[in-house]
Each structure stands twice: as structure tokens, then as C-alpha cells.
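Okay, thanks for coming, everyone. I'll take a few minutes to walk through a structure, so have a look at the screen and stop me if I go too fast.

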Amino acid sequence: MSDRIAEEKLNQIRQASDIVDVISEFVQLKKQGRNYIGLCPFHNENSPSFSVSVDKQVYHCFGCGAGGNVFSFLMQIEGLSFQEAAVKLAQNANIELEMHLSGSSKPNYLSDEGKQMIEAHNLLRKFYHHLLVNTKEGQHALEYLLERGFDLESIERFQIGYALDSWDFDYKFLTNKNFQPALLEKAGLIIKREQDGSYFDRFRDRIMFPIADRHGETIAFSGRSLGAQSPKYLNSPETAIFNKSKTLYNYHLARPTMRKLQQAILFEGFADVIAADRSGVLNGIATMGTSLTEEHVSTLKKNVQVVTICYDSDSAGIEAAFRAGNMLQEANLQVNVATMPDGMDPDDYVKRYGAEKFRNDIIHSNMTFMSFKMLYYRKGKNLQNEGDRLLYIEKVLQEVSHLENLVEKDFYIRQLAEEFNLSLDALKEQERQYSQSTHQKEQQHQNRMIQAPSVMLRKAERIKPAYHNAERFLIAHMMRSIDVTYKVQELMKGNHFNIDEHQAIITYLYGFYEKNHQPDLNSFLDYINDEKLRRIVVDIEMMPINEEISDQELNDYIKQVLKYQKLLKIKEKEAELREADRQKDISRAVVLLAEIQQIRKTL
């Protein structure tokens with residue numbers, strides 16, 4: 001920033017920015033008592049340990065320790081500086097700030113090289129799009145798209161463009177903008193010739209589909225050939241800014257609708273996403289030519305409760321849907337499957353039957369993942385054959401045994417009984433046996449986890465010594481009262497807290513109050529410029545304490561803090577005493593013994 005934001009403005013931004021509203025843009029929160037809980041966005045977890053306090057306007061993860069206020073949340077999740085987070089919150093609250101951002105506005109989670117790569121990609125995206133919609137050179141590419149069902153609205157929304165049929169236009173265009181060839185090669189935009197070390201453009205005479213990160217920044221391209229050029233689709237290589245296993249196509253545009261509907265539609269490719277978008281399905285996303293990954297699942301889990309898979313109807317598409325569905329289900333997401341007619345993908349279907357039919361007959365007529373599994377297990381089996389029929393029934397019953405809802409179980413068991421004219425009681429008994437076996441295995445796994453040394457070690461680590469807890473309680477009360485702070489300073493008589501981080505926090509607190517600030521958690525968090533200390537402050541703030549602290553309680557805490565220092569001093573003197581005994585220095589030993597006894601009297 002070119003200027004410092006006035007404290008009055010920061011207070012205005014804080015008051016206008018409810019932390020629950022801000023965090024809800026990134027995390028699904030559920031009210032629990034006075035707080036809200038959800039899955040932590042800063043580490044992978046299956047059980048929610050992320051807590052947001054409405055009263056205190058802070059967040060804290062009991063799993064990874066992340067914590068802070070509304071400013072630090074945006075700083076951490078979007079890689080922003082404090083000033084950038086303040087500007088963003090001010091804009092959301094329609095608060096005017098008479099200042100501007102200096103330098104690059106790219107997120108701070110990127111290196112300088114990464115920021116330059118994104119800048120180069122954004123420039124090319126704009127230029128490719130301009131070539132497609134505004135120039136004679138791009139006219140044939142535009143006509144090609146329009147003939148295949150694309151409309152100008154979609155072309156604009158997805159910033160589709162055209163790369164010239166030139167070996168070095170991109171190279172010249174970007175180097176004239178002062179981008180270094182080596183950086184452009186790393187970014188995957190140009191390729192170096194082995195023969196003479198010269199460069200040529202990666203994308204030539206192709207329709208260009210930009211790929212964006214979650215912030216909407218262009219990080220890669222996929223180029224479709226217009227003729228016989230091979231391959232049909234040419235994608236950017238993985239780079240410092242583009243990782244296929246973490247990138248979901250259209251995520252930045254689909255996310256608001258995904259969160260509103262609590263549902264994502266997962267497609268195989270970006271052409272399907274664009275076709276679905278033209279049909280009014282605005283929550284479509286796709287993987288980038290790769291199978292669904294744990295990173296993709298984690299991203300979806302933080303935004304939706306339901307994922308509907310809409311893959312191609314060929315054998316590869318069915319297998320991919322089965323794998324993806326199992327991954328999503330293991331992450332406790334509800335999974336549905338929208339099946340396509342044989343030999344068709346969503347793009348083909350929309351072109352042939354139209355948007356309304358696609359929405360109603362495909363997306364809204366999806367089946368449960370269990371129903372899809374029943375179809376999946378029929379593949380390659382002749383159910384007229386007794387052996388295949390028994391294998392199929394056994395597999396379906398095993399899958400049904402994993403279901404938690406009793407009505408669902410009954411529904412699918414009855415389907416089997418009716419289709420194969422089997423005893424309902426016999427099927428239920430067989431399913432019950434599978435269910436018991438599954439439960440026993442899960443129980444054994446849980447028992448092993450409980451007995452694991454690493455878990456026991458973590459539990460042991462949570463048991464803190466008395467002086468450690470005493471320092472935390474003192475800090476908690478000091479953050480609420482200036483009077484208590486100066487009482488603690490007086491009683492400590494120049495001694496420091498035993499934990500370095502605790503001492504750093506109270507040093508910040510002394511400075512905070514000396515600048516005439518009143519006790520205010522959020523202001524204090526913004527005053528601290530160390531992320532680790534902010535986390536500890538929030539962790540301390542989340543402790544339940546009495547509103548008032550008696551003189552007796554205060555003195556007891558101080559005594560615990562100083563007692564540990566005295567015990568350390570005794571250990572030090574005892575080591576010196578052993579050395580004096582070893583050297584037979586009787587006079588030195590007598591003095592040390594007296595000093596040890598004197599210290600012990602003060603404990």
C-alpha cells in the first residue's frame with residue numbers, strides 16, 4: 001500500500017465485516033451453541049474442528065491451530081497482505097479508502113516469478129479473445145464455434161479465444177512486453193528448439209480455452225485444433241502456477257452457485273461444462289484431463305454437500321464415474337450420477353436435444369450412487385447364468401451393508417428380492433451378516449488407532465505443565481484488562497514468562513496499551529505481525545475463564561510462573577554443587593548448598 005490505513009477506518013471495516021459471513025464464502029458452517037463449526041480450510045479433515053466465534057469475531061482450528069480474525073482469515077486463505085485484505089473487506093462493505101494498492105495486485109501466495117507467469121497468461125487470454133471476436137484473422141475460428149452450438153455469450157463468459165497460425169507471434173508479443181524468454185518457457189507458453197536455442201509458440205492456429213485458478217487468474221490454456229492438426233486438444237504443461245491434480249475447470253465461476261445450491265455437477269471436460277452452462281447449469285466443474293484426486297475432493301467438500309457426476313456413457317466414462325463416486329462417498333459427500341445415453345457426452349446431448357431436455361432428463365433425473373453401483377456390477381455378467389447371478393447379488397448386498405439409512409437398505413434389498421424372486425428374509429439376514437462383519441472390521445481398526453503410540457503421544461503433548469497454563473490464563477486476563485496487565489508487570493518484578501511465545505505476546509500487549517489502545521481482541525490481533533503468535537492468542541482467547549480475576553488467583557498464577565524459574569535455578573545450582581564436590585571444593589559447596597536452601601524456602 002502507498003499509505004497506512006487509519007485506525008478509525010480499520011475499526012469501521014471490522015464492525016462492518018461479520019466473520020461468519022466472510023468465512024461462509026469458503027467454509028460450510030453449522031451453528032453449534034454460540035459458535036459455528038465446519039471443516040478447516042487449512043488442512044484436510046473428516047470431522048469438523050474449525051470453530052468461529054460470533055461474539056469474539058475470531059476463528060480457531062483445534063486440529064491444526066490456525067486462528068485469527070477476519071483480516072487474518074483472508075490473508076491466510078487468499079494469500080493477501082494485511083492491507084490487501086482490508087481493501088477487499090472495505091470494498092465488500094462499501095467503505096471508501098482514499099488509497100491505492102502499489103505494485104503487483106497478484107496474491108502473495110505466489111512468488112515473483114509466479115506473478116509474472118500469471119500476468120503473461122492474462123495478457124495472452126485478453127489478446128486471444130480479442131483476435132477471436134474482433135479481427136478478420138479470427139473470423140473462421142468464430143464461425144467454427146458458432147456452427148458447433150457456441151453462442152457469443154458463452155464465448156465472452158469463458159473468454160474463449162484464438163491463437164494465430166504463427167510460429168512466433170506470442171513470443172514476440174510477450175518479449176516486447178519485457179517478459180524474459182526463459183520465464184515464458186517455464187510458464188509453458190513457448191518452446192525452445194534444441195538445434196539453435198531459438199523459441200517458438202506452443203499454441204498455433206487453435207481455439208483457446210483459458211484455465212483459471214480459484215481466484216479467476218489465468219494459469220494455463222487448452223487449445224483445440226481447427227483442422228487435421230494433431231493433437232486435437234493441446235494443453236499447457238504443468239508449471240509453477242498450474243497443477244492439474246489441484247485445478248477444477250470453471251471453479252471460480254461456478255463456486256457461488258455451488259455454494260448456493262450446495263451441489264456441484266462434475267463433468268469430464270471443459271466442453272461439457274460450457275455446454276451445461278449454456279443450458280442454465282451454472283454449477284458445473286471438470287477435472288483437467290486427469291482422474292479425480294484427493295485435492296479435488298477436498299475442494300468440493302469445503303463447498304458442497306452433494307456432487308452429481310455426469311460423465312460420458314462409454315466404458316471409460318462409467319469406470320471413471322465409479323472411481324470418482326467412491327472417492328467422494330468416502331469423503332462423506334452425497335453422490336448422485338446423471339447417466340448419458342449410449343455414445344453421447346453432455347456436449348453432444350445439448351446440441352441434439354437442447355438445454356431444457358438436458359436439464360430435466362439428465363441433470364435433474366439423476367440416480368443415487370447405490371443405484372449406479374447396481375448397474376455397474378451388472379457389467380460383464382450374464383444374469384441368466386446362475387453363477388453370475390449369485391455373484392451379482394452377493395456384491396450388491398455387500399454394498400447395501402455399508403449404507404447407514406435403514407430405509408435405503410430395505411429399498412434396495414426389496415429390489416433384489418422382486419427382480420430375482422428371492423426370499424426377503426433370507427436377503428435381509430445375509431445383509432445383516434455382511435453388516436456385522438463390516439462393523440467388526442471398523443471396530444478393530446478404531447481400536448488399533450486408539451492404541452497407536454503416535455496418538456498416545458499427541459494426547460500426552462496436550463498435558464501442559466502448571467506454569468504453562470498459568471501463563472496462558474494470565475495472558476487471557478491481560479487481554480481483557482489494562483489494570484490486570486500492569487499488575488502482572490509489577491508482580492513479575494522484571495522476570496520473563498517461561499514460554500518465549502508467551503513473553504512475546506505480553507511484550508506486544510504492553511506496546512499495544514502504551515499506544516492508548518483499549519482492550520480489543522481484533523485490534524490486538526491486527527497489531528501483532530507474527531502469524532504464529534496470532535494463532536496462540538486466538539487459542540488462548542477460546543479458553544473458558546472467569547470474567548473477573550481475584551488477587552489470590554492472580555498471585556497463584558504468578559507464583560506458578562516464578563516457581564518454575566526457581567526450580568530451574570535450583571537445578572543449575574545442584575549441577576554446580578556436584579562439580580564442586582567432584583573437585584573437593586568444600587567452601588564453594590557450602591555456599592551453593594546455602595543458596596539452594598534459600599531458594600527452596602521461597603517456593
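**Rings, a serine and some odd backbone**

Let's start with a charge on a ring: Arg278 lies over the face of Phe150, 5.0 Å from the ring centre. Keep in mind that this is a predicted model. There's another one like that, with the charged end of Arg204 over the ring of Trp167, 3.8 Å from its centre.

Back to Phe150 for a second. Which residues share an aromatic cluster with Phe150? They are Phe158, Phe209, Tyr233, Tyr249 and Phe270.

Overall, the structure holds 36 aromatic pairs. Here's one I'd like to zoom in on: Phe203 and Phe221 have ring centres 6.1 Å apart and planes at 70°, so we call that pair edge-to-face. What I like is that the pair links distant parts of the chain, 18 residues apart. Phe203 is in the loop between β8 and β9, while Phe221 is in strand β10. Phe203 is buried, at 1% relative accessibility, and Phe221 is buried at 1% as well.

Now, who else is in that neighbourhood? Ser236, from the loop between β11 and β12. Setting aside neighbours within four places in sequence, Ser236 is in contact with Phe203, Ala220, Phe221 and Phe242. A polar atom of the Ser236 side chain also lies 2.9 Å from the backbone nitrogen of Phe221. Is Ser236 buried or exposed? Buried: its relative accessible area is just 5%, and the cut-off is under 20%.

Over to helix α4, residues 82-92. Its buried residues are Glu84, Ala85, Ala86, Val87, Leu89 and Ala90, and yes, there's a glutamate in that list. What do they pack against? That would be α1, α2 and α3. After α4 comes Asn94, with a positive phi near 55°.

That brings me to backbone oddities. Most residues other than glycine have a negative phi, and most peptide bonds are trans. Gln57, in the loop between β3 and β4, has a positive phi near 55°. Gln159, in the loop between α7 and β6, has a positive phi near 50°. Gln57 is buried, with a relative accessible area of 17%, and Gln159 counts as buried at 17% too.

Last one: where is the cis peptide bond? It joins Ser230 and Pro231, with omega about 0°, and Pro231 is in the loop between β10 and β11.

Okay, that's my tour. Questions?

Note on methods. Residues are numbered from 1 along each chain as its sequence is written. This is a predicted model: local features need pLDDT of at least 70, side-chain atom pairs count only at pLDDT 80 or more; totals for chains, interfaces and linings use all residues. Side-chain values use heavy atoms; hydrogens and water are left out. Helices (H or I, at least four residues) and strands (E, at least two) are DSSP runs, numbered from the N terminus. Buried means under 20% relative accessible area, exposed over 50%, partly exposed in between (1.4 Å probe, protein chains only). A polar contact is a pair of N or O atoms within 3.5 Å; within protein, one must be able to donate a hydrogen and the other to accept it, and residues adjacent in sequence count only if both atoms are side-chain atoms. Contact means heavy atoms within 4.5 Å. Rings of Phe, Tyr and Trp (its six-membered ring) pair if their centres lie within 6.5 Å; planes under 30 degrees apart count as stacked, over 60 as edge-to-face and the rest as tilted. A charge sits over a ring if NZ of Lys or CZ of Arg is within 6 Å of the ring centre and within 35 degrees of the ring normal.
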